[in-house]
Amino acid sequence: MDKLPAHNPDSNMGDYNAACRDFRWEEVLKNFEFSSTGRVNAAHEAVDRHVKTMGDRIALRFLDDEEEETYTFQELSLASNRFANLLLELGVNKKDRVFIFMPRSLELYIAFFGILKVGAIPVPLFEAFMREGLLDRMGDCDPVAVVTHESLKERIPRDEVETLESVIVVGGTEENEIGFDEIKTKDSSFEPVWLDLDDPLLIHYTSGSTGKPKGVLHAQRAIIGHYQTGKWILDLNKDDNYWCTADPGWVTGTSYGIFAPLLNGVGTIIRQGRFTAERWYETIERAKVTVWYTAPTALRLLMGEKEDTASKFDLSSLRYILSVGEPLNPEVIRWALKVYKQPIHDTWWMTETGMIMISNYPSMPIKPGSMGKPFPGVEAAIIDDNGKELGVNEVGNLALKKGWPSMMKEIWKREEKFKEYFIFDPWFISGDSAYIDEDGYFHFHGRVDDVINTAGERVGPFEVESRLVEHPRIVEAAVIGKPDPVRGEIIKAFVVVRGVIEDREALCRELIEFVKGGLAAHSAPREIEFIDTLPKTRSGKIMQRVLKARELGYDLGDLSGAGEGV
Ligand code: PRX
C-alpha cells in the first residue's frame with residue numbers, strides 16, 4: 001500500500017521536520033505552573049490549575065448504557081480534595097502505595113487524583129484480576145490502602161497483605177471497611193503535597209518474559225511528555241471530545257486516558273461496559289467523539305462486523321483516529337479509509353516509556369504497516385546485540401536514548417531488572433525488534449523475548465505457567481503466544497498431565513477456568529495441548545522457543561543448548 005497523504009497538515013504540530021529541528025523539552029516546561037512556582041504535583045497541573053480559567057468545563061464525561069454523568073474541572077478538584085482529606089485521616093502519607101481496583105467509574109478518577117494530592121503513589125489495577133493476580137502485585141509493593149468496589153472487594157487478599165490497613169469501598173461496606181461516600185463529610189479544600197519532578201507519580205504492573213510482574217514506577221516528570229504528546233500526537237484542542245478506550249488499569253488508560261487530555265484542558269470520555277460494536281459506535285455518536293485513541297484488536301473486531309453496523313450510526317464527528325498496543329495491519333487502515341473516511345494513526349510505546357515514542361503524526365504522510373517516526377526530542381535507533389547501531393532495513397533491537405521525561409524511574413524493588421533495560425547505556429532496550437526504512441519510518445518486527453501480546457495486553461508466560469502448575473493434575477506447563485488474526489496472539493499452553501486423561505475437553509475447560517479464576521481472564525490460555533515432555537535446555541529450563549517454532553512449522557534453529565524433549 002502506498003504512502004497516504006498527510007491527514008491534517010494544519011495540526012498542532014505542523015511540519016514534522018521543523019518540529020524536530022526546533023524542539024526543546026525546556027520549552028515544554030513553560031506550559032506548567034511548576035516552572036514558575038517550583039511546586040510540583042501532577043494533580044495540580046492536570047486538574048486544580050484549570051479551575052481558575054475554566055472551572056466549569058467538563059473534565060470527565062462518564063457514559064454507560066443508560067446514563068451519563070459529568071464532572072467539571074472544579075467538581076473534580078473539590079471531590080478529589082475531599083478524598084485526599086479522607087486519606088490523610090486514614091494516615092496515608094507521601095510515597096505510600098494505594099491500589100485502585102475498581103470498574104471504570106467517576107469514583108476511580110476522584111480517588112486517583114486524591115491519592116496524587118497527598119503525594120501517595122496510585123497503583124491502578126484492571127478489574128479482571130483475581131486474588132492471586134492481586135496478591136502477586138500487592139505483595140510486591142506493600143500498599144497501605146486500596147480503593148475498590150463492592151463487587152470486587154472479595155478478591156482482595158487482605159489477610160495476606162500485612163501492610164494493608166484501609167479498604168475503601170464504593171457501594172456496600174462491612175466491618176473494617178470505609179465507605180467511599182464518607183468523602184461527603186470531608187473538607188473540600190486541600191493543598192496538594194508539593195513534590196519534586198523526580199518524585200514518584202504512579203506504578204503500573206507489567207509482565208516480562210520471566211519472573212513475576214514488574215512494578216514500573218513513573219516519576220512526576222512523566223506529565224511533561226503526556227502534555228506534549230497529547231498536544232502533538234493526539235492533536236488535542238480545547239473543543240475536542242476525546243475518547244481513549246483503554247482502562248486506567250493499563251498505562252494507556254492513565255497516560256492518555258487521564259493525563260494527556262486533562263493537562264491540555266480537554267475533557268476525557270469514560271465508557272463503562274464491555275466491548276460491543278454497537279456500544280462503541282453508539283458512544284462515538286452520543287458523545288460526538290472527535291479524537292479516538294483505541295487498539296488494533298478492537299479495530300479488527302469492528303472490521304469483522306457486518307458491513308452495515310458502522311453505517312447505522314452517525315460517526316461524522318470523528319476527525320482523528322489513533323491506535324496502540326499491537327501491530328496495526330495495513331488492511332485495517334484500508335478498511336478505515338472506506339468506513340471512517342480517514343486512516344488510523346499508529347503509535348508505539350510501552351509501559352516503561354510512559355509516553356508515545358514513535359508515531360504517525362497528523363501532518364506526516366502515513367506508510368501503512370509502519371509505526372511512524374520518533375517524537376521530536378526522542379532519539380530512536382536499531383542496535384545489534386553488541387550495542388552497535390544498524391543501518392537502513394536491518395532488523396535489530398529497537399532502542400531509545402535515555403533522557404525523555406516520561407521514562408520510568410525504576411522497577412519497584414528490583415534494581416537488577418531495571419538495569420537489564422540499559423545494558424547498552426545510554427540506550428534503553430525495548431525488547432522489540434524493528435527496522436528503519438529508507439525514509440526513516442520505523443517498522444515493527446516482533447518481540448525479542450517470550451512476552452505475549454494478546455489483544456494488546458502484555459502477558460508473561462511465567463505467570464500463567466506458575467498458575468497452571470498449581471492445578472493438581474498438572475506436572476509441568478509451558479506457555480507461548482500463537483499468532484491469531486484478530487487478537488494478534490492468543491495464549492497457548494502445553495501441559496504435562498498427571499494420570500490418565502478421560503475427557504480432554506472437560507480438562508481443558510477446567511484448566512482455563514482455573515487460570516481465569518486465579519489470575520485474570522486475559523491471562524487464560526485459549527488453547528491447551530497435552531504433551532508427554534516439554535523441551536528443555538540441559539540446565540532444565542523450558543524452551544518456549546522450540547514449542548513456538550514447532551507450532552508455527554518453523555525451522556527449530558540452533559538447539560545446541562537443548563537437552564530433553566527436543
Ligand atoms: O511489543 C510492543 C507492543 O506492546 C509492547 C508494550 O506493551 P505495554 O507495556 O503493555 O504497553 C502497551 C501500550 C503502550 C511493546 O513492547 N506494541 C505497542 N505498540 C505497538 C506495539 N507493537 C506493534 N505496534 C505498535 N504500535
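**Close-up views of a predicted model**

**View 1. K536, a buried lysine in a loop.** With a relative accessibility of 11%, K536 counts as buried, because the cut-off for that label is under 20% relative accessible area. Like every view here, this one shows a predicted model. K536 sits in the loop that runs between strand 26 and helix 17 (544–552). Follow its side chain and you will meet the side chain of E476, with which K536 makes a polar contact at 2.7 Å.

**View 2. D240 and its partner R319.** Here we move to the loop between helix 8 (222–232) and strand 10 (242–244), where D240 lies. Is D240 buried or exposed? Its relative accessible area is 9%, so D240 is buried. The side chains of D240 and R319 make a polar contact of 2.7 Å. Leaving aside residues up to four places away in sequence, D240 touches D235, V266, T290, V291 and R319.

**View 3. Helix 16 from end to end.** Helix 16 covers residues 504–518, 15 residues in total. At 1.5 Å a residue it should span 21 Å, and its end C-alpha atoms are indeed 21 Å apart, so expectation and model agree. At the N-terminal end, D503 acts as the cap of helix 16. One of the side-chain oxygens of D503 lies 3.2 Å from the backbone nitrogen of E505.

**View 4. The two sides of helix 16.** Which residues of helix 16 are buried? They are L507, C508, L511, I512, F514, V515 and G518. These residues cover an arc of only 155 degrees around the axis, which means that they are on the same side of helix 16. A general point helps in reading this view: an α-helix has 3.6 residues a turn, so residues three or four places apart point the same way. On the other side of helix 16, look for E505 and R509, which are exposed.

**View 5. What helix 16 packs against.** The buried residues of helix 16 have several neighbours to find. Among the helices, they pack against helix 7 (131–141) and helix 15 (461–468). They also pack against strand 24 (474–484), strand 25 (488–497) and strand 26 (527–530).

**View 6. The second largest pocket.** This pocket holds about 430 Å³ of space. Its lining is made of 21 residues, and those nearest the centre are E420, I429, S430, G431 and D449. Helix 14 (415–420) and strand 20 (427–436) each supply at least two residues of the lining. Which element gives the largest share of the lining? That is strand 20, with three residues.

Conventions: Residues numbered from 1 in each chain as written. Predicted model: local features only at pLDDT ≥ 70, side-chain atom pairs only at ≥ 80, totals over all residues. Heavy atoms only, no water. Helix = DSSP H or I, 4+ residues; strand = E, 2+ residues; numbered from the N terminus. Expected span 1.5 Å × (residues − 1). Buried < 20%, exposed > 50% of the residue type's maximum accessible area, 1.4 Å probe, protein only. Arc of directions from axis to C-beta. Contact = heavy atoms within 4.5 Å. Polar contact = N/O pair within 3.5 Å; in protein donor to acceptor, adjacent residues only side chain to side chain. 1 Å grid on protein atoms, 1.4 Å probe; cavity = no way out; pocket = protein on both sides within 12 Å on 5 of 7 lines; lining within 4 Å. Points joined across faces, edges and corners; volume = space filled by probe spheres on them.
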